[in-house]
Amino acid sequence: MDQNAPIDLSSCCQSCGACCGYSANWPRFSIESDEELAAIPEALVNDRQSGMRCEGDRCSALQGEIGQATACGIYAVRPEVCRTCMPGDAECAMARRKFGLPVIDAAGV
C-alpha cells in the first residue's frame, strides 16, 4: 500500500460511529425541511419530534459496533447535524474521545 496515497476520510466513519453514540441530544433536527423530515422513518424519530430516537446515547439508526464497523440505517436521509459532522473535526474528536478511540488528524492526511 502506498503510504503517500490520500486516506479516504469517509471510510473512517464506517469503522467508528462514535458521533452516533455520543449523546441522545446529538442527533437533533435543526434546519431540515418538512420534506426531509418526512423521509426519516417515523419509528426512528423521538417522541418530541426534535431529533432521532436514541437507545441511551446511541442513535437508533446506527447499525454495528462503535469502533469496529458501523453504518447508518438511513444514511441517504440522515439529519443535517449528521451530514455536517466530518472526520477529524471538533465534534468527531469529542465523540471519539468518549469511546477511547484515537482522534483523526484530518490535517495530517
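## Charges over rings

A charge sits over a ring if NZ of Lys or CZ of Arg is within 6 Å of the ring centre and within 35 degrees of the ring normal. In this predicted model, Lys98 meets that description at Tyr22: Lys98 lies over the ring face, 5.5 Å from the ring centre.

Arg28 and Trp26 give another case. The charged end of Arg28 sits over the Trp26 ring, at 5.8 Å from its centre. How many aromatic pairs does the structure hold? The count is zero.

## Overall fold

The protein has four helices and four strands. Along the sequence, the order is α-α-β-β-β-β-α-α.

Of the 109 residues in the protein, 32% are buried. The accessible surface comes to about 6,800 Å². Carbon and sulfur atoms account for 52% of that surface. Take the contacts between residues at least 6 apart in sequence: 56% of them join residues at least 24 apart.

## The nonpolar core

Which residues make up the largest nonpolar core? There are eight: Phe29, Ile40, Leu44, Val45, Met52, Cys59, Ala61 and Ile74.

Phe29 is one of these core residues. Leaving out residues up to four places away in sequence, Phe29 touches Leu37, Ile40, Val45, Gln49, Ser50, Gly51, Met52 and Pro79. Ile40, Val45 and Met52 appear among these contacts of Phe29, and they also belong to the core.

## Thr70 in strand S4

Thr70 is part of strand S4, which covers residues 69-72. Is Thr70 buried or exposed? Thr70 counts as buried because its relative accessibility is 10%, and the cut-off for buried is under 20%.

Neighbours within four places in sequence aside, Thr70 contacts two runs of residues. One is Cys13, Gln14, Ser15, Cys16 and Gly17. The other is Leu62, Gln63, Gly64 and Glu65. Gly17 also takes part in a polar approach: its backbone nitrogen lies 3.5 Å from a polar atom of the Thr70 side chain.

## Ala38 in helix H2

Ala38 lies in helix H2, residues 34-39. Its relative accessible area is 63%. Ala38 is therefore exposed, since the cut-off for exposed is over 50%.

Where does Val77 lie relative to Ala38? The two residues are 39 apart in sequence. In space, their C-alpha atoms are 9.5 Å apart.

Notes: Residues are numbered from 1 along each chain as its sequence is written. This is a predicted model: local features need pLDDT of at least 70, side-chain atom pairs count only at pLDDT 80 or more; totals for chains, interfaces and linings use all residues. Side-chain values use heavy atoms; hydrogens and water are left out. A nonpolar core is a set of buried Ala, Val, Leu, Ile, Met, Phe, Trp, Tyr and Cys residues joined through side-chain atoms within 4.5 Å. Buried means under 20% relative accessible area, exposed over 50%, partly exposed in between (1.4 Å probe, protein chains only). Contact means heavy atoms within 4.5 Å. Helices (H or I, at least four residues) and strands (E, at least two) are DSSP runs, numbered from the N terminus. A polar contact is a pair of N or O atoms within 3.5 Å; within protein, one must be able to donate a hydrogen and the other to accept it, and residues adjacent in sequence count only if both atoms are side-chain atoms. Rings of Phe, Tyr and Trp (its six-membered ring) pair if their centres lie within 6.5 Å; planes under 30 degrees apart count as stacked, over 60 as edge-to-face and the rest as tilted. Accessible areas come from the Shrake-Rupley method with a 1.4 Å probe; for residues, only the protein chains shown count as cover.
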